[in-house]
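Dear colleague,

I am handing over the structure below, and I have set out after it what I found when going through it. Please read the notes with the structure open beside you.

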Amino acid sequence: MILDVRLGAAAALVPKGARLADIGSDHAYLPISLCLDGKIDCALASDINEGPVAAAVANIKKNGLCDKIEAIRADGLDGAREFDPTCITILGMGGELIVSILDRADWIRDEKITLILQPMTHPEALSRYLAEKGFESIDETIVRDGGRDDRIYRIISARYTGKSADVGEVEALVGKKNIERLDEVTRAYIHRLIRIYSVRAEGKEGAGQNAYAEKNIIKELREVLERKK
């Protein structure tokens, strides 16, 4: 099974031999691909809606993986603890929704569990939450699908250490390791953030509001690009 760029990048971060719980699994493409490639031996595919679970079950059967992948209907991480996962993937949801899912499951605060998270919105909220709650970013990447700047995705791999930390706004938006790497896709991602915050600043000023915070973020983002020239 060939994954798209986003899921392929997430799959690359899954540790070999992991017991994977894929939350919001939709059609179970990620666990199916990982099992077919021999990177993992078992997985739980979970989704809150009946339709995606039914599709996941059909795909699992089609690929002859009923003995390796179980599909369940559940809200967030409900039902996942019993599976005893060593890796949890939550991909394609808003950052604030991912935060709410993680926050309802204290049992994931375990150094043996790797979290792989891909927020569609508000990555800064997710980054701050992870740092405040004692999760350390162990790896991260930014990928672009189809060469389109409106399809740039940030993926975070984190693990619990119990040590909380403060994260600056730009680091929360982009990620420390991505800033250090600053490849071409990360640059495109930063340019997109500058455009987003510029629109927000213009909107605020047009409404007679203070746009200092947005302008400061734009300034810091531009400084990152300048430092790495």
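Met-1, Tyr-29 and Leu-36 together make a nonpolar surface patch of about 260 Å²; please bear in mind, here and throughout, that this is a predicted model. Of these residues, Tyr-29 has its place in helix 2, which covers residues 29-36, and with a relative accessible area of 36% Tyr-29 counts as partly exposed.

Turning to charged pairs, a search of the whole structure finds 12 salt bridges, and I describe some of them here. Side chains of opposite charge can pair when their charged atoms come close.

The side chains of Glu-140 and Arg-154 meet in a salt bridge, with 3.4 Å from N to O. Because Glu-140 lies in strand 6 and Arg-154 in strand 7, this pair ties together parts that are 14 residues apart in sequence. Are these two partners buried or exposed? Glu-140 is buried, since its relative accessible area is 3%, and Arg-154, at 4%, is buried as well.

Another salt bridge is formed by Arg-73 with Glu-50, whose closest N and O atoms are 3.0 Å apart. This pair links distant parts of the chain, given that Arg-73 belongs to strand 3 (residues 69-73) and Glu-50 to helix 3 (residues 50-62), with the two positions 23 residues apart in numbering. Both Arg-73 and Glu-50 are exposed.

Lys-112 and Asp-110 also form a salt bridge, their closest N and O atoms being 3.6 Å apart. Here Lys-112 is exposed, with a relative accessible area of 60%, whereas Asp-110, at 24% relative accessibility, counts as partly exposed. In addition, Asp-103, Asp-106 and Arg-109 are linked in a network of salt bridges.

Finally, the pockets. The largest pocket has a volume of about 410 Å³, and of the 20 residues that line this pocket, Ala-131, Phe-135, Glu-136, Ser-137 and Glu-171 are the closest to its centre. At least two residues of the lining are supplied by each of helix 5 (123-132), strand 6 (135-144), strand 7 (152-160) and helix 7 (176-181), and strand 6 gives the largest share, with 4 residues. By character, the lining of the largest pocket divides into 7 nonpolar, 5 polar and 8 charged residues.

With best regards

Methods. Residues are numbered from 1 along each chain as its sequence is written. This is a predicted model: local features need pLDDT of at least 70, side-chain atom pairs count only at pLDDT 80 or more; totals for chains, interfaces and linings use all residues. Side-chain values use heavy atoms; hydrogens and water are left out. On a 1 Å grid over the protein atoms alone, a cavity is a set of points where a 1.4 Å probe fits but cannot get out, and a pocket is an open set with protein on both sides within 12 Å along at least five of seven lines; lining residues have an atom within 4 Å of a point. Grid points are joined across faces, edges and corners, and a volume is the space filled by probe spheres set on the points. Ala, Val, Leu, Ile, Met, Phe, Trp, Tyr, Cys and Pro count as nonpolar, Asp, Glu, Lys and Arg as charged, and the others, Gly among them, as polar. Patches are made of residues with over 30% relative accessible area and no salt bridge: like charges are joined within 9 Å, nonpolar side chains (Val, Leu, Ile, Met, Phe, Trp, Tyr) within 5 Å. Accessible areas come from the Shrake-Rupley method with a 1.4 Å probe; for residues, only the protein chains shown count as cover. A salt bridge is a side-chain nitrogen of Lys or Arg within 4 Å of a carboxyl oxygen of Asp or Glu. Buried means under 20% relative accessible area, exposed over 50%, partly exposed in between (1.4 Å probe, protein chains only).
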